Amino acid sequence: MKHEAYEGTCQGEKAVWLRSGKYEAALLPEIGGNLIAFRDAETGSRFLHEPAEDEMEAFKARPMIHGIPVLFPPNRYEDGAFPWEGRTLQLPVNEPETGNHLHGFVYNMPWEIEEFGTTASGSYVVTSIRVDESHPSYASFPFRYTIRLKYELGELGLAQQVQVVNEGDGALPCLLAFHTAVRAPFHPGSAASDCKVKLTIGERWELDGRMLPTSRHQPLSPEEEQLKGEGVYPFYAAMDNHYTAVPQQGRNRMELTDAKAGLTLVYDVGTSYKQWMIWNNFATEGFFCPEPQVNLVNAPKSPLPAEEIGLFRLEPGEIWEERARLYVKAAR
């Protein structure tokens, strides 16, 4: 099996390309360290929602709905206020319709390429972003830290390793998610109606009119019961929903099954992700976002126990690390 890793471009943007056997992937370091493409070159399958050539400017303006954007800290914070360690940080209110801060600081910032190369079993790239007093986000979120991503491509698909390192003098809120955008259908010979999605959800959080949790749960609809059971058509209704994550068979994962192609795309994420978001672009066929998230939305203001809602801290010098994988298997 041939393996390659090299610098090039993707639709005019600087990219690192990985190739391993039938698979290929592309990462854009200068636009949030976003892994924008994961493909099967033999079948023509494209597993992630990629920007088309005429969408690149729109993608750069709003990169959250393509590829695998990194959210740190993720999702919404009421009025941009972030209580932490006896003080309240003021994050920019960048979602005027709700009056909230949305999605953190690193999804559209330049990242550095630390290394890329090949091994006997595949190809890989390591990219990172380091935040200190010189970084533009430090004024709002005054912590020193490094986020590092390693992607490896091989016979078993695409593996991801994420690492957060606290390089400051105080405790760092380690709140992170991926706004992963999955194509449905991913196989060129199929339609969205051929697809069913399954997600390891538990309970649905009630959200108020500003899309913030009320700390209460809502009953699951019949379709949501299917979502955590045998699977459901991904666009059965508009979804912008927040759930607890409950691993099944020891794993926390999304499965997208294409009955026509006889294939299942598995997004196996770690059990550190205590929550899921799922958004399907107002029930528009083409892609949806199963988003593994460490913490509850607006977690610093929640009255619920920190362990329950994934609100945790890294002490100086500590490291948090988690792994995930995207791969394809025969449908059952």
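**Reading a predicted fold, residue by residue**

Trainee: Which residue has its backbone nitrogen 2.9 Å from a polar atom of the Asn 166 side chain?

Mentor: That's Gly 168, whose backbone nitrogen sits 2.9 Å from a polar atom of the Asn 166 side chain. Keep in mind that we're looking at a predicted model. As for where you are in the fold, Asn 166 belongs to strand β14, which spans residues 157-166.

Trainee: Is Asn 166 buried or exposed?

Mentor: The reading goes by relative accessible area, and anything under 20% is called buried. Asn 166 comes in at 3%, so it's buried.

Trainee: Which residues does Asn 166 touch, beyond its neighbours within four places in sequence?

Mentor: Setting those neighbours aside, you'll find Arg 144, Ala 171 and Leu 172, plus a run made up of Leu 314, Glu 315, Pro 316, Gly 317 and Glu 318. Take Arg 144: 22 residues separate it from Asn 166 along the chain, yet the two C-alpha atoms are 6.4 Å apart.

Trainee: β14 caught my eye. How many cavities of 30 Å³ or more are there, and which strands each supply at least two residues to the lining of the largest cavity?

Mentor: The count is 1 cavity, and it holds about 50 Å³ of space. The strands you want are β14 and β27, the latter running over 319-330. Here's the full lining: Ile 68, Tyr 151, Leu 158, Ala 159, Gln 160, Tyr 267, Ala 324, Arg 325 and Leu 326. Sorted by class, that gives 7 nonpolar residues, 1 polar and 1 charged.

Trainee: Let's do sheets. What do strands of a sheet pair through?

Mentor: They pair through backbone hydrogen bonds, and the pairing can be parallel or antiparallel. Now the case here: 5 strands make an open sheet, ordered β1-β2-β3-β4-β5, with antiparallel pairing. Its edges are β1 (3-10) and β5 (45-46), each of which pairs on one side only. To see one edge up close, follow β4 (residues 34-40), which is joined to β5 by 2 antiparallel bridges. There, Arg 39 has Arg 46 of β5 as its bridge partner.

Trainee: Where does Glu 24 fall, and what is its relative accessibility?

Mentor: Glu 24 lies in strand β3, residues 23-28. Its relative accessibility is 11%, so Glu 24 counts as buried. Its side chain also has a polar partner: the side chain of Arg 19, at 3.0 Å. Beyond the neighbours within four places, the contacts of Glu 24 include Arg 39, the residue we just met, along with Ala 37, Phe 38 and Leu 153.

Trainee: How many of the residues in β25 are buried?

Mentor: 7 of its 8 residues, so the strand (residues 286-293) is mostly covered. β25 has two pairings to look at. β17 (residues 182-184) is joined to β25 by 3 antiparallel bridges, with Arg 183 standing opposite Phe 287. β24 (residues 275-279) also pairs with β25 in the antiparallel sense, over 5 bridges, and there Ile 278 faces Pro 290. The hairpin of β24 and β25 has 6 residues between the strands, and Asn 281 takes a positive phi near 55° in it.

Trainee: What about Trp 279, is it buried or exposed?

Mentor: Trp 279 is in β24. At 9% relative accessibility, it counts as buried. Among its contacts outside the neighbours within four places are Phe 287, Phe 288, Cys 289 and Glu 291, as well as Arg 62 and His 179. For a contrast, try Glu 322: 43 residues from Trp 279 in sequence, with 23 Å between the C-alpha atoms.

Trainee: Next, backbone oddities. What is the omega of the bond from Phe 72 to Pro 73?

Mentor: Near -10°, and that peptide bond is cis. Pro 73 is in the loop between β6 and β7. The bond from Ala 184 to Pro 185 is cis too, with omega near 10°; Pro 185 is in the loop between β17 and β18.

Trainee: And what phi does His 103 have?

Mentor: A positive one, about 80°, although His 103 isn't a glycine. It sits in the loop between β10 and β11, and at 7% relative accessibility it's buried. Asn 298, likewise not a glycine, has a positive phi of about 60°. Look for Asn 298 in the loop between β25 and α3; with 8% relative accessibility, it counts as buried.

Definitions and conventions: Residues are numbered from 1 along each chain as its sequence is written. This is a predicted model: local features need pLDDT of at least 70, side-chain atom pairs count only at pLDDT 80 or more; totals for chains, interfaces and linings use all residues. Side-chain values use heavy atoms; hydrogens and water are left out. Helices (H or I, at least four residues) and strands (E, at least two) are DSSP runs, numbered from the N terminus. Buried means under 20% relative accessible area, exposed over 50%, partly exposed in between (1.4 Å probe, protein chains only). Contact means heavy atoms within 4.5 Å. A polar contact is a pair of N or O atoms within 3.5 Å; within protein, one must be able to donate a hydrogen and the other to accept it, and residues adjacent in sequence count only if both atoms are side-chain atoms. On a 1 Å grid over the protein atoms alone, a cavity is a set of points where a 1.4 Å probe fits but cannot get out, and a pocket is an open set with protein on both sides within 12 Å along at least five of seven lines; lining residues have an atom within 4 Å of a point. Grid points are joined across faces, edges and corners, and a volume is the space filled by probe spheres set on the points. Ala, Val, Leu, Ile, Met, Phe, Trp, Tyr, Cys and Pro count as nonpolar, Asp, Glu, Lys and Arg as charged, and the others, Gly among them, as polar. Two strands pair if DSSP finds at least two bridges between them.
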